[in-house]
Amino acid sequence: MTDVKDKKLEIPDFRPGDTVRLRYKIIEGDKTRIQPFEGIVISKKGSGLSKTFTLRRIGADSIGVERILPLHSPNIVDITVIKKGKVRRAKLYYLRDKKGREAMRIKDRK
C-alpha cells in the first residue's frame, strides 16, 4: 500500500536559463488545488535540502512574476523541463530589466 506522501519526487536536472513547467500544490483552508507555473529559471541557491530556485515569467500586462521555491518542497507535485537554454551566467538577474518578449528570449542549448 503506497501513499501519495511516500512517493519521492524525481527532480530533473535543470540549470539557469532552462524553461521549466512546475505544478505546485496550494492549500486553501481545507481544500487543495494544483497550480501550474511556467517560467525561466534565473537562479539556483543553497545546498542540500535547503536548495532553492527562482522562476520568472511574464504575466498579464507584461508584468514580471517571480517565485522562489525550495527544490525539495513536499508541495511540488511535478517539475518538467520544457526547453534548455544556453546562457553564460549563473544568475540571470539582468532579465528583470528587459521588457516583453526580449525578457523571455534565451538561445537554445542542444
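Leaving aside its neighbours within four places in sequence, with which residues is T19 in contact? In this predicted model, T19 is found in strand 1, and its contacts are E38, G39, I40, T80, V81, I82 and K83. The residue is buried, with a relative accessible area of 13%; T19 is placed in this class because the value falls under 20%.

One of these partners, I82, lies in strand 5. The C-alpha atoms of I82 and T19 are 5.5 Å apart in space, although 63 residues separate the two in sequence. With neighbours up to four places away set aside, I82 is in contact with T19, V20, R21 and E38. In contrast to T19, which is buried at 13%, I82 counts as partly exposed at 39% relative accessibility.

Confidence in the prediction was examined for the chain and for its elements. The protein chain has a mean pLDDT of 90, and 94% of its residues reach 70 or more. Among the elements, the highest mean pLDDT, 96, belongs to strand 2, and the lowest, 94, to strand 4.

Nonpolar packing was considered next. The largest nonpolar core comprises 13 residues, and those with the most contacts inside it are F14, L22, F53, L55 and I79. Strand 1, strand 2, strand 3 and strand 5 (76–83) each give two or more residues to this core. The greatest contribution is that of strand 1, with four residues. Apart from this core lies another, of five residues, including I40, I42, L92 and I106.

F14 is among the residues with the most contacts inside the largest core. Beyond residues up to four places away in sequence, F14 touches V20, V41, K44, F53, L71, I79 and V81. At 1% relative accessibility, F14 counts as buried, and F53 is likewise buried at 1%.

A search of the whole structure for aromatic pairs finds one. The pair is formed by F14 and F53, whose ring centres are 5.2 Å apart and whose planes meet at 70°. Since planes over 60 degrees apart count as edge-to-face, the arrangement of F14 and F53 is assigned to that class. F14 lies in the segment before strand 1 and F53 in strand 3, so the pair ties together parts that are 39 residues apart in sequence.

Charged side chains were also found over aromatic rings. The charged end of R67 sits over the ring of Y24, at 5.0 Å from its centre. R67 also lies over the face of F37, where the distance to the ring centre is 5.5 Å.

Side chains of opposite charge can pair when their charged atoms come close. In the present model, five salt bridges are counted. One of them joins E38 to R21, with the closest N and O atoms 3.0 Å apart. This pair links distant parts of the chain, as E38 belongs to strand 2 (residues 31–45) and R21 to strand 1 (residues 19–28), with their positions 17 residues apart in the numbering. Both partners are partly exposed: E38 has a relative accessible area of 34%, and R21 one of 40%. E38 also appears among the contacts of T19, and both E38 and R21 are in contact with I82.

A further salt bridge is formed by the side chains of R33 and E28, at 3.3 Å from N to O. R33 counts as partly exposed at 36% relative accessibility, as does E28 at 45%.

The side chains of R56 and E66 likewise meet in a salt bridge, with an N to O distance of 3.0 Å. R56 is located in strand 3 (residues 52–58) and E66 in strand 4 (residues 64–70); the two are ten residues apart, and the pair links distant parts of the chain. R56 is buried, with a relative accessible area of 10%, whereas E66 is partly exposed at 29%. The two classes follow because the cut-off for buried is under 20%, with R56 at 10% and E66 at 29%. Through salt bridges that share partners, R56, E66 and R96 are joined into one network.

Notes:
Residues are numbered from 1 along each chain as its sequence is written. This is a predicted model: local features need pLDDT of at least 70, side-chain atom pairs count only at pLDDT 80 or more; totals for chains, interfaces and linings use all residues. Side-chain values use heavy atoms; hydrogens and water are left out. A salt bridge is a side-chain nitrogen of Lys or Arg within 4 Å of a carboxyl oxygen of Asp or Glu. Buried means under 20% relative accessible area, exposed over 50%, partly exposed in between (1.4 Å probe, protein chains only). Contact means heavy atoms within 4.5 Å. pLDDT is the predictor's confidence in each residue, from 0 to 100. Rings of Phe, Tyr and Trp (its six-membered ring) pair if their centres lie within 6.5 Å; planes under 30 degrees apart count as stacked, over 60 as edge-to-face and the rest as tilted. A charge sits over a ring if NZ of Lys or CZ of Arg is within 6 Å of the ring centre and within 35 degrees of the ring normal. A nonpolar core is a set of buried Ala, Val, Leu, Ile, Met, Phe, Trp, Tyr and Cys residues joined through side-chain atoms within 4.5 Å.
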